[in-house]
Amino acid sequence: MITADQFASTGKAHVETLLEVGQKAFESVEKLVELNLQTVRASLDDSADAAKAVMSVKDAQELLALHTSLAQPAADKATAYGRQVYDIASGFHADVSKLFEGQIAQAQGQFMSLMDGALQNAPAGSENATAMFKSAMTAANNAIETIQKSAKQAAGVVEANIQAAAQTANNAAKAATVVIPKAVKPSKAA
C-alpha cells in the first residue's frame, strides 16, 4: 500500500522534473534566439560587403567570378547554422531524456519495492502467481531498457545522417564553384 509520504514524495519529484524541463526549454530557446541574432548580424554584414563588391564590378565575367566566390562561403555558413540549430535541439533532447530516464528509473524502483512488499505478504499457496508476476515485471523492465537503448541508437543514426547530409551539401557547393578563365582578347592581326 502506498503511504501519503510516498505519494507526496512522488508528486514533488514529478513537479521538480517538470520545472527542470521548463528551465532546459527556456535555455534552449535563449541559445536559439542568440544564434539567430548572430546569424542576422553576419548576414547583414555579408550583404553589405557583397553589395559593395557588386558595385565595383566592371564586366559580366567579373560579376560571374564574384558570384562564384560568394557561393561556397554562403553554403558553408548555411551548413554551420543548420548544424548549430541541430546541436541546440539535440542538447535539449538529451537533457530532457536524462531527466525522464531518471524519473522512470526512480518510479520503477518504487514500484518494485511496493510489489516486493506486497508479494512478501501474499497468502500461502500463491508462490506460482508471485513467481509469474516477478517474471512479468523483469520482462517489462527489460523491454523498457531495450526501448531506451533503441532510442539512443536511433539518435546516433540521425546524427550520422545529418553529418553526411552536411558533408554532401558542402561537397555540392564546392563542385558548383566554377573557376572562370580570363577572357582572351582577340588579336589584331587580320
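This is a short talk on the helices, the buried residues and the one cavity of a predicted model.

Hi everyone, thanks for coming. Please keep in mind throughout that we are looking at a prediction.

Let's start with the overall layout. The chain has 3 helices and 0 strands, so if you walk along from the N terminus you simply read α-α-α. How much of the chain is buried? Of its 190 residues, 13% count as buried. On the outside, the chain exposes about 14000 Å², and 66% of that area comes from carbon and sulfur atoms. As for contacts, take those between residues with a separation of 6 or more: 83% of them join residues 24 or more positions apart.

Now to helix α2, which covers residues 60-120. What span should we expect for its 61 residues? At 1.5 Å a residue, the expected figure is 90 Å. The C-alpha atoms at the two ends are 88 Å apart, which agrees with that expectation. Several residues of α2 are buried, among them L66, Y86, I88, V96, L99, M115 and L119. The buried set in α2 also includes T68, Q72, T79 and Q103.

Keep Q103 in mind, please, as we turn to the cavity. Searching the whole structure for cavities of 30 Å³ or more turns up 1, and the largest cavity holds about 40 Å³ of space. Which residues line it? They are T10, A13, H14, Q103, Q106, A107 and Q110. Helices α1 (4-55) and α2 are the elements that give two or more residues to this lining, and α2 gives the most, with 4. By type, the lining has 5 polar residues, 2 nonpolar and no charged. So Q103 appears twice in our story: Q103 is buried in α2, and Q103 lines the largest cavity.

One last residue for you to find on the screen: G22, in helix α1. Is G22 buried, exposed or partly exposed? Its relative accessibility is 38%, and because buried means under 20% and exposed means over 50%, G22 counts as partly exposed. Now look across to V96, one of the buried residues of α2. G22 and V96 are 74 residues apart in sequence, yet their C-alpha atoms are 9.5 Å apart in space.

That's my tour, and I'm happy to chat over coffee.

How values were computed: Residues are numbered from 1 along each chain as its sequence is written. This is a predicted model: local features need pLDDT of at least 70, side-chain atom pairs count only at pLDDT 80 or more; totals for chains, interfaces and linings use all residues. Side-chain values use heavy atoms; hydrogens and water are left out. Buried means under 20% relative accessible area, exposed over 50%, partly exposed in between (1.4 Å probe, protein chains only). Contact means heavy atoms within 4.5 Å. Accessible areas come from the Shrake-Rupley method with a 1.4 Å probe; for residues, only the protein chains shown count as cover. The expected span of a helix is 1.5 Å times one less than its number of residues. On a 1 Å grid over the protein atoms alone, a cavity is a set of points where a 1.4 Å probe fits but cannot get out, and a pocket is an open set with protein on both sides within 12 Å along at least five of seven lines; lining residues have an atom within 4 Å of a point. Grid points are joined across faces, edges and corners, and a volume is the space filled by probe spheres set on the points. Ala, Val, Leu, Ile, Met, Phe, Trp, Tyr, Cys and Pro count as nonpolar, Asp, Glu, Lys and Arg as charged, and the others, Gly among them, as polar.
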